[in-house]
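User: I am new to this structure. Please take a close look at one part, the largest pocket, and tell me what lines it and where it sits in the chain.

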Amino acid sequence: MDGCSLSMGASALACAIAGQLTINEINTLAAFLQVLGDALSLIAARQEQCENSR
């Protein structure tokens, strides 16, 4: 999937989810997903670092 399709898909999903939630729920979900994304980035960076040091 190319970057534009992925971006458009994420945006459409965000709109669909946001339409079913309160503002507080949207903020909470957004914060959770940001932390999740940061954790996944950290895991990927650490795995890459371990693979490159072999």
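Analyst: The lining of the largest pocket consists of Ala-10, Leu-13, Ala-14, Ile-17, Ala-18, Leu-21, Ile-26, Leu-29, Ala-30 and Leu-33. Two elements give two or more residues each to this lining: H1 and helix H2, which runs over 23-52. H1 supplies the largest share, with 5 residues. The space inside comes to about 160 Å³. Keep in mind that this is a predicted model.

What is the chemical character of the lining? It divides into 10 nonpolar residues, with no polar and no charged ones.

Now for some of the lining residues themselves. Leu-13 belongs to helix H1. Is Leu-13 buried or exposed? Its relative accessibility is 52%, so Leu-13 counts as exposed, the cut-off being over 50%. Along the chain, Leu-13 and Asn-27 are 14 residues apart. Their C-alpha atoms are separated by 15 Å.

Ile-26 sits on the other helix, H2. Its relative accessibility is 30%, so Ile-26 counts as partly exposed. Take Ala-14, which also lines the pocket. Ile-26 and Ala-14 are 12 residues apart in sequence. In space, C-alpha to C-alpha, the two are 9.4 Å apart.

Leu-29 is found in helix H2 as well. Leu-29 has a relative accessible area of 30%, and is therefore partly exposed. Between Leu-29 and Gly-19 there are 13 Å in space, C-alpha to C-alpha. In sequence, Leu-29 and Gly-19 are 10 residues apart.

Next, helix H1 on its own. H1 covers residues 3-18, which makes 16 residues. How far should H1 span? At 1.5 Å a residue, the expected span is 22 Å. The rule multiplies 1.5 Å by one less than the number of residues. The end C-alpha atoms of H1 are 22 Å apart, so the model agrees with the expectation. At the start of H1 there is a contact to look at. A side-chain oxygen of Asp-2 comes to within 3.2 Å of the backbone nitrogen of Cys-4.

Finally, step back to the protein chain that holds the pocket. Its secondary structure comes to 2 helices and 0 strands. For 54 residues, the globule rule gives a radius of gyration of 10 Å. The chain has 15 Å, well over that value, so it is more spread out than a compact globule. Along the principal axes, the C-alpha atoms fill a box of roughly 50 × 25 × 10 Å. How much of the chain is buried? Buried residues make up 0% of the 54 residues. To count as buried, a residue needs under 20% relative accessible area. Ile-26 and Leu-29 are partly exposed, and Leu-13 is exposed.

Terms used. Residues are numbered from 1 along each chain as its sequence is written. This is a predicted model: local features need pLDDT of at least 70, side-chain atom pairs count only at pLDDT 80 or more; totals for chains, interfaces and linings use all residues. Side-chain values use heavy atoms; hydrogens and water are left out. Helices (H or I, at least four residues) and strands (E, at least two) are DSSP runs, numbered from the N terminus. A polar contact is a pair of N or O atoms within 3.5 Å; within protein, one must be able to donate a hydrogen and the other to accept it, and residues adjacent in sequence count only if both atoms are side-chain atoms. On a 1 Å grid over the protein atoms alone, a cavity is a set of points where a 1.4 Å probe fits but cannot get out, and a pocket is an open set with protein on both sides within 12 Å along at least five of seven lines; lining residues have an atom within 4 Å of a point. Grid points are joined across faces, edges and corners, and a volume is the space filled by probe spheres set on the points. Ala, Val, Leu, Ile, Met, Phe, Trp, Tyr, Cys and Pro count as nonpolar, Asp, Glu, Lys and Arg as charged, and the others, Gly among them, as polar. The radius of gyration is taken over C-alpha atoms; the globule rule is 2.2 Å times the number of residues to the power 0.38. Buried means under 20% relative accessible area, exposed over 50%, partly exposed in between (1.4 Å probe, protein chains only).
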